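Colleague: Could you take me through one part of this model closely, the helix pair in chain A and the sheets around it? I would also be glad of a word on the partner chain afterwards.

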Amino acid sequence: MITLGALTLGAGLAYAEVRRFALIAANNEGDPDTNALVFAETDAKKVQRTLTELGGYGPGDVWMSLGRDRPTLLTVFGELRRAISDARAQDAEAEIVFLFYYSGHADEQGLQLGRTQLTYEELERMLDNSGADVRLALVDGCNSGALTRRKGGTMAPSFVFDVTERLNTQGTVIITSSTGDEASQESDEIGGSYFTHYLVSGMRGAADADGDAKVTLSEVYDHVYRETVIKTANTRIGAQHPTFDWDLAGEGDVVLTDLDPATSALLFPSSLTGAYAVFDLDRREFVGEVEAGAQTRRLAVREGRYLVQVRFPTHLKVAEVRVNSGQQLDMSAASFRTMSYNDDVAKGHIQREVRRASRPESAVRLLVGTTSAVQAQVVNEVLPTMGVGGVSYRVDWRGGQWLAVDAFGGAGMGTLTMPELNLSVPARSSVASVGASVGYATRSGWAGAQAGAGLRVAGLYLGRSVDDGGAPLNQYALALSPGLVVWGGLQPGRLVLDLEIHRQVVPYTLEEGGSATFPMRDVLLSAGVRW
Amino acid sequence: MSLGRLAAPLGIFTLLALTACGGDLSNAVFVEDAAFRAALPQLAVSLAWPGGEVIVEEPATGAELLSLPPTQDALVELAGALDLLQVTVSPALSLSPSERGEDYRVWGPYPFEEAPGSFIRLEMSRTRDRALYSVALQAAATSLGPWTEFGVGLWSEEPLEDDLVGELGWDWGAFGAATGAEAQGHFTLAWSEGGEHLRLHLAEIGGLEEATMSVLLAEGGGQLTTEARVDLDDAGGLPESLTLGSVWDAAGAGRGALSVSGGDLGLVSNTAEHCWAADGALLWFSDEEGWGTTSGDELACASPPP
């Protein structure tokens, strides 16, 4: 028998108050060599909502780091640790629980946060240094079993805890979605990863095996392990086995969620049979799955509209229901209708999300800067430097390739000085440029710092008007101009801030007998948004 | 997406880019402006009398037959023509062309310093091979015109006649008609490359019916030939024919032969010879008809007969 210790939710506790803090991290992006995940970040939101709705976590006690990199995660963790320290200072007797959840890519070394990595060693230090009495880590990522394997973790159907309601527990529990050499799988059918799907389902009630309306860690693990292995057994990749590691001192079980009778819920009486998947029509996501039959099952949900599905090999049975605040809706009274898979509303929503996630990242930026000839002699004698403004659209693929189109124009003023002719004349210059470029970008670093380089071809209009007091002299040149582009900048959140430099070759002879080309340079600052 | 797949289209696009261009962004137009300006006749020729002003020593009689004063007068006329040409075209050297074409430029209108209240417009064109330039001078009483052509010039890399490479005709009558100025007569100035050989033809200017002066400058000295029809006695009768040939050296010493005939003289003609020292002092004077007093000795003359 394995004893993890004891932890309950606040109601009815005799010895100490429990404060709960959580850090929810997720990133659809990982190493460039890996395919982007679709549901990692939405899975994290599901966990966050489940914890705040049912787990006794206040809205301000759950820190989120979605789609962010390692430095950001560490920054968020630093804030959370200060909050834990403050809570400790306010009530030295309080039992403090820290739950870390991660969904995203991982490998045998650590978690892949975009193109950055948080090693398992760092994660362990985070847990150890959190200042909490009980540390829970739920890691949903490929090869994440490497984390539990470091400490002798086990792949087992379930583990059993003594159930008490005492809060005298200290230590760490780590649960991972797969072993150290397995992939953790997402499913377009359920719109999430198998592990988190059954984790959330379990916390919402599907795992409440004893029907006491308190979902414990052992119940959840039992539920998640069973359902994940069964549902992934026939996938192309093969069965996925969650693992756990524990290092707790104390007695009792860890209660994750409390299915208070006052909570809105869907009830699945024992008269029903089969697996019922519940789709939130407002949030357009599956909120849980319940295996009905042996006893009445309850799935805690918020107030709203739901689609409840029972899947058969050739068709679905679907009931659309509305759950009011505090209502316990008995699904045996619901009216199910037969529907083909092609008409599945939930599937349509999820497929749209899949398509959206599969698209490369786009960014629209406004550009301001200067365009000038590289050679000072050309600037002084032919074409004064011009201030320019414009717009750029760039598409970034996960492999680092990027494609951009840009258009900008502008004008300048100056005095052309031609020493050989002993002539100085005022002139206005103008430029219009439409360019296309392709290249490779580096991985994003701190604050989304990223740089790229590539080839660019631009259709170029250069004009000038010379006012020497005589006949108006308006000249122009048109050229297709090949060149190079380098850029670098930051991508804080959805913002893009770049410095971009073009070095173009203008195939144009400025003076008889001179060079057949002359170089131009664009120096552009850009700001925009990406999506 | 593989950049390798893009290599071929990018290469083709780059080749196209390197060959596809158009327009004109060069300073060639300013270079051509300078070329036109440089082609304008700027005859930096000194026609001042060598040794400065001289006091002509006259014989007792026949002073009107001396060669030195008309020689100096002819040089003054030539210098005046050159100055006029310079004053006329000099604004074009500092102003930007008001019109530009591949083989022509127009300067002006600009005020004409020589005739206040009038305006000049200068059109200059050239052959495609730049071997022959021409200029047209137009005048008007306002800067808006209407424009009347009063001068036409032509110059070339190759001599147009003898060693003369340029020629400019100037019609004061047309200028006066266009601007309202009191002006009459016309002249034609021709020059060699460098201006060592100048020829000025005057007609109907003042009491002069017609005159042609040709000067050849060399080594500080010069040689002048003048043929004129002028009313020498200013009696309103028929104009006489006057022929003057003179030479002088770098110090100003020289000799000349002046012939008069026709006009009120009828069948009478006379030729007087005169040579002088650098300070203008009379060294020798003699005439065929004895209108003057022979003085000095021909042997004192430094130059042979012109």
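Modeller: Happy to; here is a walk from the helix pair to the sheets and then to chain B.

Please keep in mind that this is a predicted model. Its scores are ipTM 0.71 and pTM 0.62.

Let us begin with the two helices. Helix α1 of chain A covers residues 40-54, and helix α5 of chain A covers residues 194-206. Their axes come within 10 Å and cross at roughly 10°. With angles under 35 degrees counted as roughly parallel, α1(A) and α5(A) are therefore roughly parallel to each other. From α1(A), the contact takes in D43(A), K46(A), V47(A), T50(A) and L54(A). Facing them from α5(A) are T196(A), L199(A), V200(A), M203(A) and R204(A). Sorted by character, the residues of this contact are five nonpolar, two polar and three charged.

From here, α5(A) leads on to a sheet. The helix lies across β13 and β16 of chain A, and runs at about 115° to β16(A). Both strands belong to an open sheet of three strands in chain A, ordered β16-β13-β19, with mixed pairing. The edges are held by β16 (297-300) and β19 (328-330) of chain A. Each of these two has a single partner strand, so one side of each is left without a neighbour in the sheet. On average, neighbouring strands here are turned by 25° against each other, direction ignored. If you want to look at one pairing in detail, take β13(A), residues 265-268, with β19(A): they pair in the parallel sense over three bridges. There you will find A265(A) opposite Q328(A) of β19(A).

Chain A also has an open sheet of five strands, in the order β15-β14-β17-β18-β20, and its pairing is antiparallel. Its edge strands are β15 (285-292) and β20 (337-339) of chain A, each of which pairs on one side only. The twist from one strand to the next averages 30°. Within this sheet, β17 (residues 304-311) and β18 (residues 316-323) of chain A pair in the antiparallel sense over eight bridges. One bridge to pick out joins R311(A) to its partner L316(A) in β18(A).

Now for the partner chain. In the model, 29 residues of chain B are in contact with 31 residues of chain A. On the chain B side, the elements that give two or more residues are α1 (3-19), β1 (21-24), α2 (28-39) and β2 (99-101). Among these, α1(B) gives the most, with nine residues. The side of chain B that touches chain A is made up of 18 nonpolar, eight polar and three charged residues.

As for chain B as a whole, it has four helices and 16 strands. Of its 306 residues, 35% are buried. Among contacts in chain B with a separation of 6 or more, 43% are between residues 24 or more positions apart. The mean pLDDT of chain B is 86, and 93% of its residues reach 70 or more. As a general reminder for your own inspection, where pLDDT is low, the predicted coordinates should not be read in detail.

Note on methods:
Residues numbered from 1 in each chain as written. Chains lettered and ligands numbered in written order. Predicted model: local features only at pLDDT ≥ 70, side-chain atom pairs only at ≥ 80, totals over all residues. Contact = placed C-beta atoms within 7 Å. Nonpolar A, V, L, I, M, F, W, Y, C, P; charged D, E, K, R; others polar. Axes fitted to C-alpha atoms, helices over the stretch in contact; angles between N-to-C directions. Parallel < 35°, antiparallel > 145°, perpendicular 65-115°, else oblique. Pairing = 2+ DSSP bridges. Buried ≥ 20, exposed ≤ 12 C-beta atoms within 10 Å, placed from the backbone. pLDDT = per-residue confidence, 0-100.
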